[in-house]
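Open your viewer and get a cartoon and a stick representation ready. This tour goes from the whole chain to single residues, one selection at a time.

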Amino acid sequence: MKTYFNADVRNFLSKLTVARIANILQVVGSFFVSKWTGKAVQWGVPMTVSFEPTTHCNLRCPECPSGLRAFTRPTGMLKEDFFRQTVDEIADRLLYLYFYFQGEPYLNPDFLEMVRYASQRGIYTVTSTNAHFLTDKNAQKTVEVGLDRIIISIDGTTQSTYESYRVGGKLEKVLEGTRRLVHWKRELKSSTPHIIFQFLVVRPNEHQISEVYQLAKELGVDEVKLKTAQIYDYENGNPLIPTIDQFSRYRRNTNGTYSIKNQLLNHCWKLWHSCVITWDGKVVPCCFDKDATHQLGDLRQNSFQNIWQNAAYRQFRTAILQSRSKIDICANCSEGTKVWA
């Protein structure tokens, strides 16, 4: 796995250009100036953008709006022409493009062609999938279009454990899709995509952490990442909260209630280096705004550059610097408080 990891790092670094390095320096500089002065300053454009290929999903995971079918915002599919138009505006300085927000990306029939387009622009491309649609054809094309990294949600090494969170899912489909992807990487002699098994640690699967590493090794997966779970209803306890403290975002208080471990410091790196674009062109602060309640602009009405520097964005960044605890989507957040988080 270490060799593949080094190959992935080299691939990522190969995407750097003079324009992208200059933009990184601008973004990082503006973040620290804002943090130190308490005034929202924003230079450059985001280094990272997440596009939402679709809100639709085949599974019913209990802590996911897609799985719960609980969106209050419109649902639909990202259109390729709109995607290209937006990418063209920011591609020269954009380093990292994440094809995911809510939903299962492979349900969008144009998804892989959008990956191809971004890859041709020299952008590091990533997606996250439940792997149920990695047919032989899709696996082959995934390699051919130049996807740089694929995160496969596995969350269990047996069917009973896997389906306790990935409701409606079939572990064997995940494993079959993974085998196909590994096969086509070898067949096409490609070092990409870098394949990651992401294991969302919850109480029902925490006993299988060591097993997922062994399974990944057997299948030829490049890396395993353990992820802590965001729980919506955590204050009075929740059967998904792990018993292993290091994998829990929440601490048990002396009165039996739970609270989030993370301190809500009054700054957030995500608001300076990244953003999320919904399937219908709404720009929202980050992946914690799952229902797009904090819309900072609409790409069907304004250019990305105008939105990134508009009054709504400045006001939101200012609010973060003044009192992050008062912003609803920040209340259950464990990320963004330091650079490179």
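Begin with the whole protein chain, which is a predicted model. Its radius of gyration is 20 Å, and because a compact globule of 341 residues would come out near 20 Å, the two agree. Turn on the principal axes if your viewer draws them: along these axes the C-alpha atoms fill a box of roughly 55 × 50 × 40 Å. Colour by secondary structure and you should find twelve helices and eleven strands.

Stay with the full chain for a moment and switch to a surface. The protein chain exposes about 15,000 Å², with carbon and sulfur atoms supplying 51% of that area. Of the 341 residues, 55% count as buried. If you prefer a contact map, look away from the diagonal: among contacts between residues at least 6 apart in sequence, 69% join residues at least 24 apart. Now colour by charge. There are 42 positive and 33 negative side chains, and the centres of these two sets lie 5 Å apart.

**Stop one: helix 8**

Select residues 171-187, which form helix 8. How far does helix 8 reach from its first C-alpha to its last? The span is 24 Å for 17 residues, close to the 24 Å expected at 1.5 Å a residue.

Next, show side chains for the buried residues of this helix: Leu171, Val174, Leu175, Gly177, Thr178, Leu181, Val182, Trp184 and Lys185. What do these buried residues pack against? Display three helices around them, namely helix 6 (136-144), helix 7 (159-165) and helix 9 (209-219). Then add two strands, strand 4 (149-153) and strand 5 (194-201).

**Stop two: the loop from helix 8 to strand 5**

Follow the chain out of helix 8 and pick Lys189, in the loop that leads to strand 5. Lys189 is not a glycine, yet its phi is positive, at about 50°. Is Lys189 buried or exposed? Its relative accessible area is 76%, so Lys189 is exposed, the cut-off being over 50%.

In the loop between helix 8 and strand 5, select Pro193 as well. The peptide bond joining Thr192 to Pro193 is cis, with omega at about 0°.

**Stop three: Gln198 and Asp155**

Move on into strand 5 and choose Gln198. With a relative accessible area of 15%, Gln198 is buried, because the limit for that class is under 20%. Leaving out residues up to four places away in sequence, draw the contacts of Gln198: Ile151, Ile152, Ser153, Ile154, Asp155, Lys225 and Lys227.

One of those partners, Asp155, deserves its own selection. Asp155 sits in the loop between strand 4 and helix 7. Which sign does phi take at Asp155? Phi is positive, about 60°, although Asp155 is not a glycine. Asp155 counts as buried, at 1% relative accessibility.

**Stop four: Asn238**

Jump to Asn238, found in the loop between strand 6 (223-228) and strand 7 (250-252). Its relative accessibility is 13%, so Asn238 counts as buried. Try a distance label here: the C-alpha atoms of Asn238 and Tyr258 are separated by 9.2 Å, and these residues are 20 apart along the chain.

**Stop five: Val87**

Select residues 80-90 to bring up helix 4, then pick Val87 within that helix. Val87 counts as buried, at 0% relative accessibility. Which residues is Val87 in contact with, once neighbours within four places in sequence are left aside? They are Phe51, Leu97, Tyr117 and Ile123. For a distance label, choose Ser30: its C-alpha atom is separated from that of Val87 by 23 Å, with their positions 57 residues apart along the chain.

**Last stop: Gln305**

Finish in helix 11, residues 304-308, where you will find Gln305. At 30% relative accessibility, Gln305 counts as partly exposed. Show its contacts beyond the neighbours within four places in sequence, and Val45, Glu89 and Arg93 appear. A final distance label goes to Lys270, whose C-alpha atom is separated by 17 Å from that of Gln305. Gln305 and Lys270 are 35 residues apart along the chain.

Definitions and conventions
Residues are numbered from 1 along each chain as its sequence is written. This is a predicted model: local features need pLDDT of at least 70, side-chain atom pairs count only at pLDDT 80 or more; totals for chains, interfaces and linings use all residues. Side-chain values use heavy atoms; hydrogens and water are left out. Helices (H or I, at least four residues) and strands (E, at least two) are DSSP runs, numbered from the N terminus. Buried means under 20% relative accessible area, exposed over 50%, partly exposed in between (1.4 Å probe, protein chains only). Contact means heavy atoms within 4.5 Å. The radius of gyration is taken over C-alpha atoms; the globule rule is 2.2 Å times the number of residues to the power 0.38. Accessible areas come from the Shrake-Rupley method with a 1.4 Å probe; for residues, only the protein chains shown count as cover. Lys and Arg count as positive and Asp and Glu as negative; His and the chain ends are not counted. The place of a charge is taken as NZ of Lys, CZ of Arg, CG of Asp or CD of Glu. The expected span of a helix is 1.5 Å times one less than its number of residues.
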